[in-house]
Every structure is written in C-alpha cells, then in structure tokens.
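Me: Please take a close look at the cysteines in this chain. I would like to know how they are paired and where they sit.

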Amino acid sequence: MSKLVISTCLLLQLISSLYFASNVHYLNVQDYGAKPDSMTDSSQSFLQAWGSACSSSQPVTIHVPAGSFLITGTTFSGPCKNTDIEFLIDGTIVAPTKNENLRDPDQWIMFDTVEGVSINGGTFDGRGEALWKCKSANNHHCPDGAPTLIFRNSKNIAINSISSINSELFHVVILGCNGVTLQGVNIIAPESSPNTDGIHVESSTGVTIIQANIKTGDDCISIGPGTSHLWIERVNCGPGHGISIGSLGKKGQGLDVDGVQNVTVKTTVFTGAKNGFRIKTWGTKSRGYVKNVAFVDAMMRNVENPIIIDQHYCPDDDGCPSKDSSSGIKISDVKYEQIHGTSASQVAVNLDCSSSNPCSQISMQDIKLAYTNGRSEANCKNAQGVSLGYMVPPSCL
C-alpha cells in the first residue's frame, strides 16, 4: 500500500511540474465581472480579459465557464504583444435579442489584426430568429443583421469544436487572413433562414476546413474573391446551398476582380441541398478567374444541382445584367472526380459558361449521378474539357 501511495505522490508531482512548466497564464472572464445569466452585458469583462492577454509576454488561456454570457458588438483588436492566446469556452455566448442593441450593426464578434489566437469549444448563439421573421415579412426597414464570428487581417488562427447556431447572417467569416484552421465545427440554422452562410472565406490564403457539419439557409461554405490555397475535407452539408465559389463579378466589385485558385474539396456528403459543387459568376465585364480547383470524392443525396457552373448568376432576378451580356470571369482547370449519388433534378450536371470566356480544361472522371425519377442528363454550354471512366449522366464535354 505504501508503494502505491508513493507512486501516486510522484505522479501528482509530475503532473504539477508539467502544469507549471507549460507557463500558461489562465484568466477567467467571471473574475472580470462577466455574468453567466444571458441577460447582463459581459462585453467589457471579455474585453478586459482580452486586454490582459493581449499585453502578456506569456501564453494565456481565457476561460469562459459554463453558463450563457451576453455579448454585444465586440471587437478583439490587435496587434498584440502575445501571439499565443486561447479562448477555452465551456459555456454559450449569446447575442442581444434585438439587432439595434449591437454597437456596430455590421458585426457581432470580431477579431481584427491578431496572430496566434485559438478558440476551443463552446456555442455561439446569434439569436437571428427575429431578423429572419422581419425579412420574411418583406419589411423593407429590417436591419441588415450581423455575422456571428469574423476574423479579419489575422494569421495563424485555429477554431476547434465550436458550435454556431442561428446566426443573423454568415456564421464564420475569414477575411484577409493567412493560415487559418477550422476543425470539428458544427453550424446550424433553419433552411428558411436567409443569408446564413456557414463559413465564408475571402481574400485569404492557407485556410483549412476539416470535419465540419453544416446545416443552413444559404451556402454551407462560400468562397469569395482573393482566396487561394484552400483545403476542405470531410464536410457534411445540407440543408443549404452547397459549397460555392463566388459569386464573382458583381457590379460594385470593380472591373478587376481578385481570382480564386488552388482550391481542393474532398470527402464531402450533401444531403437535401440545393446545390452540391457550384461556381457562380455574374454576367458582367468584370475581369477575374477561377482556376486549379479539384472536387473529389463526394456523395450527393437528393441534391437539386449536384454539379453546376452558372456564369449568368443573378438571384431573384434583381439587378441582372442584360441577357446578351457574358461574364468576364475565366474558369479553367477544374476537376470533378468520384462524385456519386442522386440528383433531385433531371439535369445533374449543368455547365453554363461564358460565351466570351468559355470554360476550359474541365475534367470529369467517374461520375455516377442518378435522377430519382428517370434518366439523369448533362448540359454543357461554352464548356471545353474531357471525361474519363464511367459517366452517369453521359458526358456533354
């Protein structure tokens, strides 16, 4: 028995020495006055904890314990002296119930110009129901709403095992960042909720999205201009509007649009989604490109448009270019491989490309997409490329 006690003591000493050797400083937001009652505004408490972490010369973990913490529009700003800050969240962070209570109507939680920040665990509840109801009533006085979580002009970011529910707009936005990993993310909003994209990436490079479950009222993942070296793997999407590149070339983006390149999407499952893999551009003269894209190993389950390129994109027929206009965005070197399952529409493959900039180097291999009510079809317009292996529907390239 004495040997067991001695061994236990030695083990505890070892654990203790390892704990202190890690040299991580722990901060609890409740020690700064945060209240886990979902009603008291804890924004200043979070910002005070952030200020301490940001100015620290050693790694810091900011702990958000169990409970619901109300946060109004808050920006965690850098640059910081510290490049190793973790938010360890065991509780839920909730938005105000009314949009007008946000300090900035265009954002809820933002990290701006930071480095080495990680968010581990926790739930973000955007409480978007009131805004969706306003919009569904065609009320022209509804506020625009706010995304849930924005990282802007930042690098070396990790977002792990978080849940985001009922965002007013996009759930997670990666904008102007370098080196971002999202892993084990769960995103949920009703299928009827407008503009609730799951993850939006724009003007960023070196972004990795792994093992995400996304159910939304818009794109599960949207890829905006200026995105490169994006890796997406093991994503479940649906309901939602699929994984989309674009839209690109909309009026207001300028004549020269930053392109999208070096994108890999693999091992995905789409269930009841409006789209599977989509590339969408407006029919304007804006110049840009989409190139070096690979969509590999996907299962489509009753998806309306499993594979679609739409270079005449204009949602709701609002502000559309003239019917004779064609997109100035050049799409090339796009690979579709091992995409199987069922299409909810007869046209399972629809490549509607620009007449002035035809799609080129399109490659399709081992496509098996059956239409639930008959034979599936493929439609190609201004698309050039090759098909290999077994093809259902028969290739139109």
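Reply: Counting the bonded cysteines along the chain, the disulfides follow the pattern 1-2, 3-4, 5-6, 7-8, 9-10, 11-12. Cys-177 stands outside this pattern, being in no disulfide; the nearest cysteine sulfur belongs to Cys-80 and is 14 Å away. A disulfide requires sulfur atoms within 2.5 Å, so that pair does not qualify. Cys-177 is also buried, because its relative accessibility is 3% and the limit for buried is under 20%. The model is a predicted one, and the structure holds six disulfides.

Three of these links can be taken in turn, beginning with Cys-220 and Cys-237. Their sulfur atoms are 2.1 Å apart. The torsion about the S-S bond is about 80°, so this disulfide is right-handed. The pair links distant parts of the chain, with the two positions 17 residues apart in numbering: Cys-220 is in the loop between strand 18 (205-215) and strand 19 (221-223), while Cys-237 belongs to strand 20 (residues 228-237). Both Cys-220 and Cys-237 are buried.

The next link joins Cys-314 to Cys-320, with the sulfur atoms 1.9 Å apart. Here the torsion about the S-S bond is about -95°, so the disulfide is left-handed. The two ends fall into separate classes of exposure. Cys-314 has a relative accessible area of 15% and is therefore buried, whereas Cys-320, at 33%, is partly exposed. The reasoning is that buried means under 20%, exposed means over 50%, and partly exposed lies in between.

The last of the three is formed by Cys-353 and Cys-359, whose sulfur atoms are 2.0 Å apart. The link has -100° about the S-S bond and is left-handed. Cys-353 is buried, as is Cys-359.

The strands come next. Strand 28 covers residues 359-371, and it pairs with strand 26 (residues 329-343) in the parallel sense over ten bridges. Within this pairing, Lys-335 stands opposite Ser-363 of strand 28. Strand 28 also runs parallel to strand 30 (residues 383-392), and seven bridges join them. Ile-367 has Met-391 in strand 30 as its bridge partner. As a general point, side chains in a regular strand alternate between the two faces of the sheet.

A loop elsewhere gives a further local view. Ser-56 is placed in the loop between helix 2 (43-54) and strand 3 (60-64). Its relative accessibility is 14%, so Ser-56 counts as buried. The side chain of Ser-56 reaches the backbone nitrogen of Gln-58 at 3.1 Å. With neighbours within four places in sequence left aside, Ser-56 is in contact with Lys-81 and Asn-82.

Finally, the chain as a whole. It contains three helices and 30 strands. The radius of gyration of the chain is 23 Å, close to the 21 Å that the globule rule gives for 397 residues, so the chain is as compact as a globular protein of that length. The C-alpha trace spans about 75 × 60 × 40 Å along its principal axes. Of the 397 residues, 49% are buried. Among contacts between residues at least 6 apart in sequence, 75% join residues at least 24 apart. The chain exposes about 17500 Å², and carbon and sulfur atoms supply 49% of that area.

Terms used:
Residues are numbered from 1 along each chain as its sequence is written. This is a predicted model: local features need pLDDT of at least 70, side-chain atom pairs count only at pLDDT 80 or more; totals for chains, interfaces and linings use all residues. Side-chain values use heavy atoms; hydrogens and water are left out. Helices (H or I, at least four residues) and strands (E, at least two) are DSSP runs, numbered from the N terminus. Buried means under 20% relative accessible area, exposed over 50%, partly exposed in between (1.4 Å probe, protein chains only). A polar contact is a pair of N or O atoms within 3.5 Å; within protein, one must be able to donate a hydrogen and the other to accept it, and residues adjacent in sequence count only if both atoms are side-chain atoms. Contact means heavy atoms within 4.5 Å. Two strands pair if DSSP finds at least two bridges between them. The radius of gyration is taken over C-alpha atoms; the globule rule is 2.2 Å times the number of residues to the power 0.38. Accessible areas come from the Shrake-Rupley method with a 1.4 Å probe; for residues, only the protein chains shown count as cover.
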